[in-house]
Amino acid sequence: MPGIRSDFITDYDSLADAWWDPRGPLAPLGWIARARAAHVPRAAREGAWLLDVACGGGLFGPHLTGKGYQVVGVDLSARSLREALGHGFDTVAQADIGRLPFADASFDVVTAGQCLEHVLDPFRVVEEACRVLRPGGILIVDTIATTVLARVLAIGVAENLPLPGKPPRGTHDHRLFVDRRRLVATAHAHGVALRLTGLRPHVRDGLRYLVGRREEVRMIPTRSTGVLYMGVGRKC
Ligand SMILES: C[S@@+](CC[C@H](N)C(=O)[O-])C[C@H]1O[C@@H](n2cnc3c(N)ncnc32)[C@H](O)[C@@H]1O
């Protein structure tokens, strides 16, 4: 795709100190991580493994405490991976999520949050996530839809209004947003029947966050998957 940036990793390396700032540019990722974790069951067996694809600074880690998994993270940003290790990740690997350095059927749960919209071939990442998932294991993905509304809200509004939690300009490129039907079809072709739901910030929490009266905004499910959406499915 002409003009697509390929230096997102440099961004995440340079933002690594901001992962845990509740009012910083990566804060909304923490809100989404909590919503994602609600779909992770307690481990069904001793020694179960969870892989977080593009784990970044490990915002997902604290939400997995007590669920009984060995937690593995993979990302290209070395500085972010160091953060993840200090926040509930047992093991990390620096690798491209389009070529996961793990054997087939290695994980009981695979999550890929807020990363598919940063790569040129998100469907390849989904294929890889399905490949490393065990039969019976759970796949959880969340990303941004290919709609005009998503473009307006995730880029036009979120990246431009001078508010706490605002991602840096240029974080997203709408051409990388992820087609829902193709995502579901790709997972299906690899044995995972994904069910999609939308996600949006809780309005009252959002307002209280903006005026400094809350440190976190709850993300709540919506029927519309036209902006931010999550897919959850079990591998057959
Ligand atoms: C928006 S952050 C999401 C991080 C984390 N999943 C979360 O929700 O907090 C996107 C992450 O994807 C990583 N990333 C982007 N492209 C990647 C690639 N090709 N291989 C590995 N990691 C990648 C970045 O380094 C960054 O940590």
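Reader: How many positive and negative side chains does the chain have, and how far apart do the centres of the two sets lie?

Author: In this predicted model, the chain carries 30 positive and 24 negative side chains. The centres of the two sets lie 8 Å apart.

Reader: What makes the chain as compact as a globular protein of its length?

Author: The chain has seven helices and eight strands. Its radius of gyration is 17 Å, and the globule rule gives 18 Å for 236 residues. The two values are close, so the chain is as compact as a globular protein of that length. Along the principal axes, the C-alpha trace spans about 45 × 35 × 35 Å.

Reader: What share of the residues in the chain is buried?

Author: Buried residues account for 49% of the 236 residues. The accessible surface of the chain is about 11,200 Å², and 56% of that belongs to carbon and sulfur atoms.

Reader: Why is Thr225 called buried?

Author: Buried means under 20% relative accessible area. Thr225 has 14%, so Thr225 is buried. This residue lies in the loop between strand E7 (219-222) and strand E8 (228-234). Leaving aside residues up to four places away in sequence, Thr225 touches Ala145, Arg180, Leu196, Thr197 and Gly198.

Reader: How do you know whether Ser14 is buried or exposed?

Author: A residue counts as exposed over 50%. Ser14 has 53% relative accessibility, and therefore counts as exposed. Ser14 lies in helix H1 (residues 8-14). Between Ser14 and Ser77 there are 9.2 Å in space, C-alpha to C-alpha, while the two are 63 residues apart in sequence.

Reader: Why is there no bond between the sulfurs of Cys130 and Cys236?

Author: A disulfide is a covalent bond between the sulfur atoms of two cysteines. To be counted here, the two sulfur atoms must be within 2.5 Å. The cysteine sulfur closest to that of Cys130 is in Cys236, at 9.9 Å, so the pair is too far apart for a bond. Taken from the other side, the closest cysteine sulfur to that of Cys236 is in Cys130. The count of disulfides is zero.

Reader: Which of these cysteines is buried, and how do you know?

Author: Cys130 has a relative accessible area of 1%. The cut-off for buried is under 20%, so Cys130 is buried. Cys236 has 76% relative accessibility, and because exposed means over 50%, Cys236 counts as exposed.

Reader: What share of the contacts between residues at least 6 apart in sequence joins residues at least 24 apart?

Author: That share is 71%.

Definitions and conventions: Residues numbered from 1 in each chain as written. Predicted model: local features only at pLDDT ≥ 70, side-chain atom pairs only at ≥ 80, totals over all residues. Heavy atoms only, no water. Helix = DSSP H or I, 4+ residues; strand = E, 2+ residues; numbered from the N terminus. Rg over C-alpha atoms; globule rule 2.2 N^0.38 Å. Buried < 20%, exposed > 50% of the residue type's maximum accessible area, 1.4 Å probe, protein only. Contact = heavy atoms within 4.5 Å. Areas by Shrake-Rupley, 256 points an atom, 1.4 Å probe, with all protein chains shown as cover. Lys, Arg positive; Asp, Glu negative; His and termini not counted. Charge placed at Lys NZ, Arg CZ, Asp CG, Glu CD.
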